[in-house]
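Let's take a walk through some charged side chains and see who pairs with whom. Keep the structure open as you read.

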Amino acid sequence: MTELNDAEIWRLDTFIVPPGSLAGGTCVVSGREGHHGADVMRVREGDPVRLIDGAGEAALARVDTVGGATLTCSITERRTHARAGAVALTVAQALLKGRSLDDVVRRLAELGTAGIRPLVTERTIGRIPPDTLDSRLERWGSIAAAAVKQSRGVFLPE
């Protein structure tokens with residue numbers, strides 16, 4: 001892969017991999033991220049990509065193979081990032097009506113918040129039925145992951 005300048009790196013497609021996946025010389029992107037790369041973004045062999053593990057590790061890589069919903073990448077450069085100011089901010093946000101909390105999660109993830117804790121207070125109007133709690137948490141996790149990729153971050157909120 002030819003040397004990329006900062007403007008080119010900024011435009012690379014970003015994919016999230018499990019923590020620890022960037023330790024070796026190769027990395028496999030699978031699951032939702034693999035599907036997103038292969039079928040949605042249409043990444044091809046030889047394309048440069050940016051990989052993050054959500055815990056501060058980032059890597060520049062070249063796609064070696066694309067198969068189904070899996071990308072196999074060779075890591076060309078690895079970078080470790082520390083939280084700015086060494087402050088890990090966790091935000092406790094009361095539930096909001098409708099899908100308003102989706103926007104809050106999105107913005108907090110873009111800002112690099114370490115954690116987001118939805119909570120129910122005495123005056124909370126929004127409610128989550130117990131049978132939909134898992135799906136709502138999964139949705140907020142997906143929203144946060146997309147926001148981190150969009151904002152070029154390297155830390156996923158907890």
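What follows looks at three salt bridges, one after another.

A quick word before we start: this is a predicted model. Side chains of opposite charge can pair when their charged atoms come close. Count the salt bridges here and you get 8.

Start with E33 and K149, whose side chains meet in a salt bridge at 3.0 Å, N to O. E33 belongs to helix α2 (residues 31–40) and K149 to helix α4 (residues 133–150), so this pair ties together parts that sit 116 residues apart in sequence. Are these two buried or exposed? E33 is buried, with a relative accessible area of 16%, and K149 is buried too, at 15%. Both count that way because buried means under 20% relative accessible area.

Now swing over to helix α3 (residues 100–111), which holds both R107 and E110. They are 3 residues apart, or about one turn of the helix, and their side chains form a salt bridge at 3.7 Å, N to O. As for exposure, R107 is partly exposed, with a relative accessible area of 45%, and E110 also counts as partly exposed, at 33%.

Last stop: E158 and R117, which meet through their side chains in a salt bridge at 3.1 Å, N to O. This one links distant parts of the chain, 41 residues apart: E158 is in the segment after α4, while R117 is in strand β7 (residues 115–119). E158 counts as exposed, with 66% relative accessibility, whereas R117 is partly exposed at 36%.

Terms used: Residues numbered from 1 in each chain as written. Predicted model: local features only at pLDDT ≥ 70, side-chain atom pairs only at ≥ 80, totals over all residues. Heavy atoms only, no water. Salt bridge = Lys/Arg side-chain N within 4 Å of Asp/Glu carboxyl O. Helix = DSSP H or I, 4+ residues; strand = E, 2+ residues; numbered from the N terminus. Buried < 20%, exposed > 50% of the residue type's maximum accessible area, 1.4 Å probe, protein only.
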